Amino acid sequence: MEQRGLGLPALLALLAALAPRSFAAPGPTLWPMPLSVKLSPRLLVVSRENFSFSYDPSSTAGPSCSLLQEAFRRYHDYIFDLKTSQLGPPKRNSAVELKQLLISVVLESECDLYPNITSDESYTLAVAGPVAFLKANRVWGVLRGLETFSQLIYQDSYGTFTINEANIIDSPRFPHRGILIDTARHFLPIKSILKTLDAMAFNKFNVLHWHIVDDQSFPYQSVAFPELSNKGSYSLSHVYTPNDVRAVIEYARLRGIRVLPEFDSPGHTQSWGKGQKNLLTPCYNGPEQSGTFGPINPILNSTYCFLAQFFKEVGTVFPDHFVHLGGDEVDFTCWESNPEVLDFMKRKGFGRDFQRLESFYIQKLLYIVSTINKGAIVWQEVFDDHVKLKPGTVVQVWKQEMYPEKQAQVTAAGFPMILSAPWYLDWISYGQDWRKFYKVDPLDFDGSQEQKELVIGGEACLWGEFVDATNLTPRLWPRASAIGERLWSPKNIKDLEDAYNRLTVHRCRMTRRGIAAEPLFTGYCEY
Amino acid sequence: MAGSGLWFSLLLAAVLAGRAAALWPWPQYIQTSESHYAIFPHNFQFQYHVSSAAQPGCSVLDEAFQRYRDILFSSHSWQPPEPTRKQHAPEKNSLTILVVIPGCNQLPSLESVENYTLTINDDHCFLLSETVWGALRGLETFSQLVWRSPEGTFFINKTEIEDFPRFPHRGLLLDTSRHYLPLTSILDTLDVMAYNKLNVFHWHLVDDSSFPYDSFTFPEITRKGSYNPATHIYTAQDVKEVIEYARLRGIRVLAEFDTPGHTQSWGPGVPGLLTPCYSGSHPSGTFGPVNPILNSTYEFMSTFFLEVSSVFPDFYLHLGGDEVDFTCWKSNPDIQAFMKKQGFGNDFKQLESFYIQTLLNIVSAYGKGYVVWQEVFDNNVKVRPDTVIQVWREETPVHYMKEMELITKAGFRALLSAPWYLNHITYGPDWSEIYMVDPLEFKGSPQQKALVIGGEACMWGEYVDSTNLAPRLWPRGGAVAERLWSNELVTSLDFAFKRLTRFRCELLRRGVQAQPLNVGYCEQEFEQT
C-alpha cells in the first residue's frame, strides 16, 4: 500500500534498495569527495590503544595550539568510539599497523585567529604504514584533513579498524559554504546550534549564517539596547545572551566555521519595534494612525543614530568581516500610507518611487557598516531595486524564478554572489529531494570566466516557520550534505548513484556521531 | 448527542473558560467555568471509590495513577503551599475513580467501552467509567485540565465532562520493515497515542525490505530476512513487552503479516515459498509473490499463522493482501498450467482470490478475525461477512469516499486510511487537510455509516526511521485522533489550531519531539540530549 503513484522509477529504486543485505565488502566512504584521491589496495590496521595524533617537527603549530589539540580528541572519539566493538583479534596479524598521524602546518598557523572568506582550507594527506602525514598551510586545512582522515578509517567484517594506504590532495571548489538557520520564527536552544556546527564540520561547511532576528522575535540580547530582547523576544528564556553568542562563535571557530550574523532591515523588523520606540514607521488608515507599524522609518535622523550604535555593537560582538544586512521583501504599503513619509519623498524628489526611498535607507546603512570596517552581504532585492552598492558588496540570490539569469546579472554588474535559490531546505516534499539539490551547479549560468569567479559559494537555507529544535536535525541532514558536496567537490563529481551509495553510508556515520540524520531511503545502519 | 444550538453555546463557554481550550481531542460534552480549585502535589492522590469494581492491585489503573502523577507534577519543582499567603481557591486533594465493570487483567478489544464522566465541582472530584479503559481516557483528560499559575500553583477549573469516542477503532500504523524501529521508539509512540486517545497500534511488522519478527517456528526467516539478525529483530520478549505496554494504555496491537505480495524478505528463509519468475523458458533467479499453487505454501502458512495467532492475542490479525504484482505469476509455466487446470483462464485475480480464500480459512480456523487492504475487496475475493476492509488508495479504482460507500454497501465493515498517510509530507500546515476529512462523508444509509468502525493514520517507513519518526508523527497524527474521537461537529480550524498548538507544547513538556504547527514558541522547548 505504499508505492502507489510512484511509477516505474520508484519501483526500480525500491529493487535497488533491496540490495543492502548483499553489501559489498566494507571500505572507506568519503563525503564530500576530495579533489584527488588515490587509494592503494594495501591495508593498514589501526588500534585505539596504539594510535595517536602528533606534530611533525617542521610544523608551525604544536601542542600549544588548543584548536588542534581539541580536534585530535574529537576525532579520536569519532574514529574509535563506535558502538560496535572489535569482534575478535585482527584478521591479518601480519598487516602493518598505522600508529600515527603526523600533522604539519607549513605557514603561520592562524591557530588563534578566526577563519575568514580567504582562509586556506587545502591539505594533503599521505597514508602509509606506520606513519601518515597530514600537511596544510593553515590549521583550517588540518581540520578538513582530519575529517577526511576519520572517514578513511572503517571497520572490516571482523571489527578491525582498517585504512587503505592513500594519497589525497584536497581543497574546496568554493570558499563560502553555508547553512542558514533562523532563530526568530522559532527559538533554537544553544545545544541545537552547537549540534548543527558539529554536523557542518562533518560536511566541510564553513559558514553559519545566523538569521538571528525577524518579525516574530528578537532573541539577540543587545548590550546597548537591552529593551530590544526584553520586549521583542518570545520570552525572557528565549534569548541569546552575550555569553551564548560567544560560545557559538568559539565552538564554530574551533571547527573552522565562520559565524555570519544577519540583522535584516528595513523590513522583517516587527519585533524591533517593541523595544525601540519610533524605530518603525507608523501606518495610517486615512488621516489617522492605524496603530500598526511597517518597516523601519527611513526619514528620521534618530533611526540612523540607533542603527549606527546598534551595528557598532554587532561589529564588535561578531568578529567576522561580514555582516548580513538583509534588505529583502520590503513592503511599501505602510510607507505609502504615512503623510510624513510622503512629504519626505516630495522634498527629496523621489516622486512616488518607493524603491528610491528604500535605496536611500540601504545606502545610509551600508555607509554605517563601512565606517566600522565591515563588509556587507545583502539579499538580492537590494540589487534588484537598483540600490547603489559599494563594490565588493556580496549579493545573495534566493528567489527561485529564473535564478541563473539573476546570477548572470549580479555578476555582470561585478558583484560577488552567493547562491541559495535552489537550496531552500524548509521546502519539503515526499521522497528523495536531495537529488534535486545535488544536481544544481552554481556556475550553470551564461557568463564570462570573470563572472563565474564572482560566485563565492552558496548556502542551504532552513527557514524556521515550521522548524524548531524538534525537527531541525532530521530536516537538515543529510539533505544539506548534498549541497555540502556540491560546494566542496570538483564540478565533475555528480554521479547520482555513486552519491547515493556514499551518502547512505555518510548519513549512518552522522547518526553514529550523534546527529539524528534522516534516512535517504529504505535500509538500515549497522550499529 | 446535543443539538447544534446547544453545541455552539457549549463551545463558546469553553472558549471563554480558556483553560479547557488545552484539551485534545475535544470531549463530546463539556461544561466548565472560571471558578477553580488548587491542587498540591504532595497532598494529592488518585484513589478508588469504595464501590468501584477496580481496587488497589488493578495493574492498569495503579500504573496509570503513577504515570499521570509523573506527567502532572514530576517535571516541575513543587511549590509547597505558603501558609502565610492565603489561598483563595479551595483545595482538591484527590481524584476518586469509580469503575463499574470489573476487569483489570484482560486486553482491550474492538468492543471495549471507553466512556467516562469527569466531575469537578465543590462537592466532587470524581471520575466515573464503565471500564478501566474509560478510566484511562478520563485520566488523560484530567491531566490536560490541570494548569499552573505563574507562581507555580496547580489548579483545575470547575468542569463537567461526559465523553465517549465517535469511532471504536482509532489506529496508527508503524512500518518496521522499511526501517527497523528500536523498541524505545515503539514504546514512546504508544505513550503519545494514549495522550491522543488513539487505541490501535497497527504493527506492519514485515515487508519486502526486511523480516524483523523473530519467529520461533521458522527462525531461518528472521535469520536470513532481517537486516541484522543480532540487532534488527523483535524477539518474543520484545513483542510481549509491546503488547503489555500497549494494554496498560488501553491500546490494542493489530499485527500485520502481509501476503501474498510484499514478501521478498520471507523468501531467503523459506525455500520454495515465493514464486520463481521466468525469463522465457528459464527461471530468471528472481522471485515474485508467495507461490499459491503449492500445498507446501499452505502448510507453511498454517504453521506460521498458528504461531502468530498465539503470539498476538488481539482477536484481529491484519493479512495485508495489497499490491499483488501478477507479472511473475504470468511468467511461470507451472502457474499457467495450474490456472488452466482450475479454469481461471488468464484472470490472475482469480488466482489471488484462490490464495487469499485459502489463507482466510486457515486464519479463521484459529478463531481469529481479520482485516485486509482494499484490494481484496476490489478483486472480488469471497471473504467472511465480518471481514474488515481498510481503504488506502486515494483515487483508484475510485475515490476513497466512493470506495467506503461500495464496501459498506456490500455489508463489510470499513476502516479509512487513504487521506491519512502521514509519511507524505508537504510544505506548511498540512494537518488542517488531515483534520477536515470526515470518514462518513459518503452517500449511504445509516446502516452503511454504522459499518465504518474508524480509521488509521499510516506512517510508512521508506523515508522514516527513529531519527525523524516523532516529529513527523506529532502533532499531525493528533489531527486524525481528534477526527476519530470527537463529535462530527467539532470542525472549526481556528479552534483546533489554538488547542493543537497548546497541546503540542504540552507534548514537548512531556518529552515528546512534536514539531511546531507554525511560528511561535513553547515555554519549555525541546532540548536535545
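These legends accompany close-up views of a predicted model.

**View 1. The surroundings of A:Glu329, a residue annotated in UniProt.**
Let us start with chain A. UniProt lists A:Glu329 under "active site", and the entry is an unreviewed one. In the model, A:Glu329 sits in the loop that runs between β13 (322-326) and α9 (333-337) of chain A. Its relative accessible area is 44%, so A:Glu329 counts as partly exposed. Once neighbours within four places in sequence are set aside, A:Glu329 is in contact with A:His268, A:Glu381 and A:Trp398.

**View 2. Strand β5 of chain B within its surroundings.**
Now we move to chain B. Strand β5 covers residues 125-129, and 4 of its 5 residues are buried, so the strand is largely enclosed by the rest of the structure. Two pairings of β5(B) are shown in the next views, one with β3 of chain B and one with β4 of chain B.

**View 3. The parallel pairing of β3 and β5 in chain B.**
Here strand β3 (residues 94-99) of chain B pairs with β5(B) in the parallel sense, over 4 bridges. To find your way along this pairing, look for B:Ile97, which stands opposite B:Leu127 of β5(B).

**View 4. The antiparallel pairing of β4 and β5 in chain B.**
Strand β4 (residues 116-120) of chain B pairs with β5(B) in the antiparallel sense, and 5 bridges link them. A hairpin leads from β4(B) to β5(B) through 4 residues. A handy pair to look for is B:Ile120 and B:Cys125, the latter in β5(B), which stand opposite each other.

How values were computed. Residues numbered from 1 in each chain as written. Chains lettered and ligands numbered in written order. Predicted model: local features only at pLDDT ≥ 70, side-chain atom pairs only at ≥ 80, totals over all residues. Heavy atoms only, no water. UniProt positions renumbered as here; feature names shortened; annotations may be inferred. Buried < 20%, exposed > 50% of the residue type's maximum accessible area, 1.4 Å probe, protein only. Contact = heavy atoms within 4.5 Å. Pairing = 2+ DSSP bridges.
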